[in-house]
Amino acid sequence: ALHVFSTETFGRYALVLAATAFVQSLLDLTVEEALVKFGFRYTESGEWGRLRRLFASAVKFKLAGGVLATGLLLALAPAANAILGQTGLTTPLLVAAFLPLAQCTENVGGVAIILRGRYDVRAFFLFVSMALRFAAVAAAASHGLTTTIAAILAAQGVATAAVSSAGWIAYRRFPQQPAEPLGPERRDILSFVAQSSVATAVISLTAPLSLLVLGRVASTREVAWFRAAMSPQQAFAVVSAPARLILLTEQTRDWERGTREAVFAGTRRYMLGMTALAAVILPPLLIFTPELARLLFSAKNEGAADATRFVIVAAALRMIYGWTK
């Protein structure tokens, strides 16, 4: 997108996706971690009726969050230009408004796969989801901003359908019993969902909110460069994603089994490994940041290079402390 779009158009693209991500994170309750935690508890204890109730409740929560986010974005889109002091945002934001609804159940299907212990399958569908969106941008960017957002929406719909189908197959392999009330644990689950949603908001809202604030007070060119500079954060998250996916699953299972020292040992190994990795890759990345910016962002966006250096350091720290959530 940075290569194909003009800098100003990429700034609008970044603002549209930031607005979508902000509203989605604000209204979409984070039930995935609760599904993993209590899902393992119920699979370990064989409480299949409660597992069924847990998944049914999660799907309802996610659908409600997706509908609310889409509704709010549709309401805000006509005023987007005035709110952000920019132009050309309304139509692409009207299309992007349906992204939260298209994506809302994807992670529920992913959790069902994780509970079966198939990290490889979950990782494959994560790859498929990102590859579809990448292909959408690559194919549609030359046709304009609104067409690109529409292509991303279509790709997300296909990805969600694929993950949800695989998740349904994984879920059906658990013993099927009638749904049972969650009982006294209902309060614990709701409390966990609330805490997890707050943690997600703190982590996930900062990037889109900062883009929206910058869009209000600066030009789309500055927004584009800021978004380009933030890309190392995404790259470092990708590097650590396989380890974090396994940590989330294995440590949750170990915690529910009562073998908590294994959890702390895994955390220590993760931090040591990521610290060693950061020590190796940080020096060359910081030295060659201008060259990398010209290569990855295109020459017209090399103004993002200095800011990118700051984000590289911050992203490395976030990678090392990626286990905390």
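A residue is called buried when its relative accessible area is under 20%, exposed when that area is over 50%, and partly exposed in between. In this predicted model, phenylalanine 192 has a relative accessibility of 26% and therefore counts as partly exposed.

Phenylalanine 192 has a partner, for its ring forms an edge-to-face aromatic pair with phenylalanine 38, with 6.0 Å from centre to centre and 85 degrees between the planes. This pair links distant parts of the chain, since phenylalanine 38 belongs to helix α2 (residues 32-45) and phenylalanine 192 to helix α10 (residues 185-204), 154 residues apart. Phenylalanine 38, at 2% relative accessibility, is buried. Over the ring of phenylalanine 38 sits the charged end of lysine 37, 5.8 Å from the ring centre. A further arrangement of this kind is found at phenylalanine 174, where the charged end of arginine 116 lies over the ring at 4.9 Å from its centre.

The structure as a whole holds 8 aromatic pairs. One of them joins phenylalanine 5 and tyrosine 13 in a tilted arrangement, with the centres 5.5 Å apart and the planes at 55 degrees to each other. Both partners are buried, phenylalanine 5 with a relative accessibility of 4% and tyrosine 13 with a relative accessible area of 10%. Together with Phe10, these residues, Phe5 and Tyr13, make up one aromatic cluster.

Tyrosine 13 also leads into the interior of the model. In soluble globular proteins, nonpolar side chains tend to be buried together. The largest nonpolar core here has 40 residues, and Tyr13, Leu93 and Leu212 are the ones that touch the most other members. The largest share of this core, 9 residues, is supplied by α1. When residues up to four places away in sequence are left aside, tyrosine 13 touches Ala1, Phe5, Val137, Leu145, Thr148, Ile149 and Ile152. Apart from this core lies another, of 26 residues, which has Phe38, Ala166, Leu182 and Ile189 among its members; the phenylalanine 38 listed there is the residue whose ring pairs with that of phenylalanine 192.

Helix α1 (residues 7-27) also contains threonine 20, which is buried at 3% relative accessibility. Beyond residues up to four places away in sequence, threonine 20 touches Leu73, Leu93, Ala96, Leu99 and Pro100, and of these contacts Leu93 has already been named for its part in the largest nonpolar core.

The path can now turn to a later part of the chain, where serine 298 lies in the loop between α15 and α16. Although serine 298 is not a glycine, its phi is positive, at about 80 degrees. Which side of the cut-off does serine 298 fall on, buried or exposed? Its relative accessible area is 8%, so serine 298 is buried.

Helix α16 itself covers residues 305-320, which makes 16 residues, and it reaches 23 Å from its first C-alpha to its last, close to the 22 Å expected at 1.5 Å a residue. Its buried residues are Ala305, Thr308, Val311, Ile312, Ala315, Ala316, Met319 and Ile320. Among the elements that cover these buried residues are α12 (220-229), α13 (231-257), α14 (260-287) and α15 (289-297). Helix α15 thus appears in two places in this account, as part of the cover over the buried residues of α16 and as one of the two helices with the loop of serine 298 between them.

Terms used
Residues are numbered from 1 along each chain as its sequence is written. This is a predicted model: local features need pLDDT of at least 70, side-chain atom pairs count only at pLDDT 80 or more; totals for chains, interfaces and linings use all residues. Side-chain values use heavy atoms; hydrogens and water are left out. Helices (H or I, at least four residues) and strands (E, at least two) are DSSP runs, numbered from the N terminus. The expected span of a helix is 1.5 Å times one less than its number of residues. Buried means under 20% relative accessible area, exposed over 50%, partly exposed in between (1.4 Å probe, protein chains only). Contact means heavy atoms within 4.5 Å. Rings of Phe, Tyr and Trp (its six-membered ring) pair if their centres lie within 6.5 Å; planes under 30 degrees apart count as stacked, over 60 as edge-to-face and the rest as tilted. A charge sits over a ring if NZ of Lys or CZ of Arg is within 6 Å of the ring centre and within 35 degrees of the ring normal. A nonpolar core is a set of buried Ala, Val, Leu, Ile, Met, Phe, Trp, Tyr and Cys residues joined through side-chain atoms within 4.5 Å.
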